[in-house]
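These are my notebook entries on one structure. I set out to look up its sheets, the helices that pack on them, and a few individual residues.

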Amino acid sequence: MIPKALPAPRIVDPNSVPKLRWGVIGPGAIAETFVDATHKYTQQRITAVASRTPGKGDAFARQRGIETVYTDYEHLVGDPNIDVIYVATTHEFHLDHALLAIQAGKHVLVEKPIAITAEQAQRIADAAKAANVLAMEAMWTRYLPHTDVIRQLLADDVFGEITMVTADFGHNATGKRLWNPADGGALLDLGIYPLAWVSMALGTPTSVSATGHLSESGIDEQSIVRLEYASGAQAVVTTSLRSMGTVRASIAGREATLDSHVPFFTPSGFTLRSSVFEPIEHTFTDTSPIQKHEGLSYQATALAKFVGEGLLDSPFRPLKEVVSDIRIIDTARHQIGALLLHER
């Protein structure tokens, strides 16, 4: 049943968590945004960076007041003054760099997708468990205020029996790295967001059915993935590198329906309405100063909180769920004939 009022988001006070020292592998564009937002809105501090590209690490560090620069990743992960490694290299290197950090006894935050196959993702999960460290996928949407409100609505069974979930993420990626067969494809880079939305609501599907269109290089450039669940619920995920999509998501149940604002994966909001012809409606809008991709900072505070609590897995995005979502991508990619370079 729809509540009389929406619950408030449970925002973790950045001052209430341990102040960890972070190292960055791969100082590219996403790392720039993550570091800048983390320094601006949290107590976490990036104290070292490593890049194998001459001068890149120095420029990154100089602009952000980062103390230490390494030209190899081994020295970074071996630095005793580093608590956490943020892996921000391209997808094909996530496995190697995550394992490097884990084997050095560091906690690790790995950019999404955590790996390019479910088998690789499971290897990261197993290694982190064996090393007694926290490994976390940087699915930053899970740590945003509007997501926490949705999580509470799901826990309170506001939707009743969920029957349909949809999520879309597409954009015109002409000329971008996503066309690289070793690393790219719409499902791996974009599809992980809508799949994470679906799994938050419905868990693991019983069947996967995908259709799509391949690029000349053989990557999936556009696809529709249909998922079915033991409860009878269904979900539809759409991705595209050919054009901008709606970037919306929804959860439909017998008692209530939720429609996200745009884009669903950044700090935004949603409208919740009861499932009647003249519905009761509630709207949540994130009006905090942390907007757009500065929302990456929430996951840094969350990781520090989990470390402080002695957790070895994120309760908001468990590695079991991450592996399941990437297994869906494996299945969908093979159904439409898209293979990564190492699989050819």
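Entry 1, helix 7. I began at the end of this helix: helix 7 is followed by Gly203, whose phi is positive, near 80 degrees. The model I am reading is predicted. I then went back along the helix and found a kink of about 50 degrees at Ile192, shortly before the proline Pro194. Is helix 7 mostly covered or mostly uncovered? I noted that it is mostly covered, with 17 of its 17 residues buried.

I next looked up what helix 7 lies against. Helix 7, residues 186-202, lies across strand 7, strand 9 (220-228), strand 10, strand 11 (249-253) and strand 12 (256-260). Relative to strand 7, helix 7 runs at about 160 degrees.

Entry 2, the sheet of eight strands. In what order do the strands of this sheet follow one another? I recorded an open sheet with the order 8-9-10-7-11-12-13-14 and mixed pairing. At its edges I found strand 8 (207-214) and strand 14 (281-285), each pairing on one side only. Neighbouring strands here are turned against each other by 10 degrees on average, direction ignored.

Within this sheet I examined one pair in detail. Strand 7 (residues 162-170) and strand 10 (residues 234-240) run parallel and are joined by seven bridges. Across this pair, Asp168 stands opposite Thr238 in strand 10. I also noted helix 9 (residues 319-335), which lies across strand 8 and strand 9 and runs at about 50 degrees to strand 8.

Entry 3, Ser223. I located Ser223 in strand 9. Does Ser223 count as buried or exposed? Buried means under 20% relative accessible area. Ser223 has 3% relative accessibility, and therefore counts as buried. Its side chain makes a polar contact of 2.9 Å with the side chain of Thr239. Leaving aside residues up to four places away in sequence, I listed what Ser223 touches: Leu187, Thr211, Gly212, Val237, Thr238, Thr239 and Ile336.

Entry 4, the sheet of six strands. I recorded a further open sheet, with the order 3-2-1-4-5-6 and parallel pairing. Why is one side of strand 3 and of strand 6 left without a neighbour in the sheet? Strand 3 (68-70) and strand 6 (135-137) stand at the edges and have a single partner strand each, so one side of each has no neighbour in the sheet. The average turn between neighbouring strands of this sheet is 25 degrees, direction ignored.

Strand 1 (residues 21-25) and strand 2 (residues 45-50) run parallel, and I noted five bridges between them. In this pair Trp22 stands opposite Ile46 in strand 2. Helix 4 (residues 94-103) packs on the sheet and touches strand 1, strand 4 (84-87), strand 5 (107-110) and strand 6. The direction of helix 4 makes about 165 degrees with that of strand 5. Helix 8 (residues 297-308) also packs on the sheet, touching strand 1, strand 4, strand 5 and strand 6, and its direction makes about 155 degrees with that of strand 5.

Entry 5, the nonpolar core. Which residues have the most contacts inside the largest nonpolar core? They are Trp22 and Trp197, in a core of 114 residues. Helix 7 gives the most to this core, with 13 residues. I closed with Trp22: not counting residues up to four places away in sequence, its contacts include Phe34, Ile46, Ile82, Val84, Tyr86, Leu109, Ala300 and Leu303.

Note on methods. Residues numbered from 1 in each chain as written. Predicted model: local features only at pLDDT ≥ 70, side-chain atom pairs only at ≥ 80, totals over all residues. Heavy atoms only, no water. Pairing = 2+ DSSP bridges. Axes fitted to C-alpha atoms, helices over the stretch in contact; angles between N-to-C directions. Contact = heavy atoms within 4.5 Å. Bend = angle between axes of the 7 residues up to and from the residue. Buried < 20%, exposed > 50% of the residue type's maximum accessible area, 1.4 Å probe, protein only. Polar contact = N/O pair within 3.5 Å; in protein donor to acceptor, adjacent residues only side chain to side chain. Core = buried A, V, L, I, M, F, W, Y, C linked by side-chain atoms within 4.5 Å.
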